[in-house]
Amino acid sequence: MRKPIIAANWKMNIGPREAEDFINSFIGQPGKLDSITSQVDVVIAPPFVSIPAAVAALNSSSAVSIAAQNMSDQDSGAYTGEVSSMMLKELYVRYVILGHSERRTLYGETDAIINAKIKKACASNLKPIFCIGETLEEREGGKLESVLRTQITDGLVGVEEKDLKEIVIAYEPVWAIGTGVVASVDQAQEAHAFVRSVVADLYNQEAADKIRIQYGGSMKASNAAELLAQPDIDGGLVGGASLESQSFLDLIKAAVSAG
Ligand code: PGA
């Protein structure tokens, strides 16, 4: 039985002051967040500079885990603008989003770079949220499966099965991210089942059965339950609908109802 995992990806939104307000209203909600999080893992990925404020506002509450949105594959040194895994660990960060399509397309991250980051995260005891997904052109050109297979295979080169256990895969069709166009339930389930089959090919069926695969792309409270009711959809990576505490809480409640 895979525990669902819902993660907020704030992208370049919500500075330190707003992060503090968000967390205060989120964990202070009357919706009994603690009882919800026994059923669903809740993760929030603020921008780097907002992480300390978010962690402070959580005040040791274990209801929410903090993620970073990116990370260097290097430990330290002359890498202007980069942040290392150890720096994130010092801030009590537990997860790190790697290979988001915006990192791939806007910042040129290749499968090889993402693979190096995944290995660094695992070596540092950070849990990668490893993002994959096809563009509309690739899907319409019949390349869905080959694109996903390559991203998964090349992203996981040299990753041992013991480390795979710490990894969450986020399947995010690029055409559904921030567009309001959500993949149909059938499209999403089919892609998730395929992703799981690739993991089974690379490792084994047991490892594939254990790995959690999130859906990302215009997920919100109104479509979450239906998506999460699918056998291979184990959570969500949520952009737009995570920027406001009530809408994010509503989505989490929908996830609980689907379970
Ligand atoms: P969205 O973003 O929910 O705004 O589509 C999802 C993501 O990019 O992770």
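Helices (H or I, at least four residues) and strands (E, at least two) are DSSP runs, numbered from the N terminus. The labels in these legends, such as E6 and H10 around Ala183, follow that scheme. The model shown is predicted.

**Figure 1. The whole protein chain.** The protein chain has 13 helices and 8 strands. Its C-alpha trace spans about 45 × 45 × 35 Å along the principal axes. The radius of gyration is 17 Å. A compact globule of 259 residues would have a value near 18 Å, so the protein chain agrees with a compact globule. Of the 259 residues, 54% count as buried.

**Figure 2. The ligand and its shell.** The ligand is surrounded by 13 residues. The closest are Lys11, His100, Glu172, Gly178 and Ser218. By class, this shell holds 7 polar, 4 nonpolar and 2 charged residues.

**Figure 3. Polar contacts of the ligand.** Two side chains and one backbone position are shown here, each facing an oxygen atom of the ligand. For Glu172, an N or O atom of the side chain is 2.6 Å from a ligand oxygen. For His100, the corresponding side-chain distance is 2.7 Å. Gly239 takes part through its backbone: a polar backbone atom is 2.8 Å from an oxygen atom of the ligand. The ligand taken alone exposes 280 Å², and the protein buries 95% of that.

**Figure 4. Lys11, in a loop beside the ligand.** Lys11 is among the residues closest to the ligand. Lys11 sits in the loop that runs from strand E1 (5–9) to helix H1 (16–27). The phi angle of Lys11 is near 55°. That value is positive, and the residue is not a glycine. Lys11 counts as partly exposed because its relative accessibility is 22%, and buried means under 20%.

**Figure 5. Ser218, a second loop residue beside the ligand.** Ser218 is also one of the closest residues to the ligand. The loop that holds Ser218 joins strand E7 (212–216) to helix H12 (221–228). Ser218 is not a glycine, yet its phi is positive, at about 60°. The relative accessibility of Ser218 is 17%, so this residue counts as buried.

**Figure 6. Ala183 and Leu227.** Ala183 lies in the loop between strand E6 (168–171) and helix H10 (185–202). With a relative accessible area of 3%, Ala183 is buried. Leu227 is 44 residues away from Ala183 in sequence. In space, the C-alpha atoms of Ala183 and Leu227 are 9.2 Å apart.

**Figure 7. Cys122 and Cys131, two unpaired cysteines.** The structure holds 0 disulfides. Why is there no bond for Cys122? The closest cysteine sulfur, in Cys131, is 14 Å from the sulfur of Cys122, too far for a bond. A disulfide needs two cysteine sulfur atoms within 2.5 Å. The same reasoning applies from the other end: Cys131 has its closest cysteine sulfur in Cys122, at 14 Å. Are these cysteines buried or exposed? Cys122 counts as buried, at 10% relative accessibility. Cys131 is buried too, with a relative accessible area of 1%.

Note on methods
Residues are numbered from 1 along each chain as its sequence is written. This is a predicted model: local features need pLDDT of at least 70, side-chain atom pairs count only at pLDDT 80 or more; totals for chains, interfaces and linings use all residues. Side-chain values use heavy atoms; hydrogens and water are left out. Buried means under 20% relative accessible area, exposed over 50%, partly exposed in between (1.4 Å probe, protein chains only). A residue is near a molecule or strand if one of its heavy atoms lies within 4 Å of it. A polar contact is a pair of N or O atoms within 3.5 Å; within protein, one must be able to donate a hydrogen and the other to accept it, and residues adjacent in sequence count only if both atoms are side-chain atoms. Accessible areas come from the Shrake-Rupley method with a 1.4 Å probe; for residues, only the protein chains shown count as cover. Ala, Val, Leu, Ile, Met, Phe, Trp, Tyr, Cys and Pro count as nonpolar, Asp, Glu, Lys and Arg as charged, and the others, Gly among them, as polar. The radius of gyration is taken over C-alpha atoms; the globule rule is 2.2 Å times the number of residues to the power 0.38.
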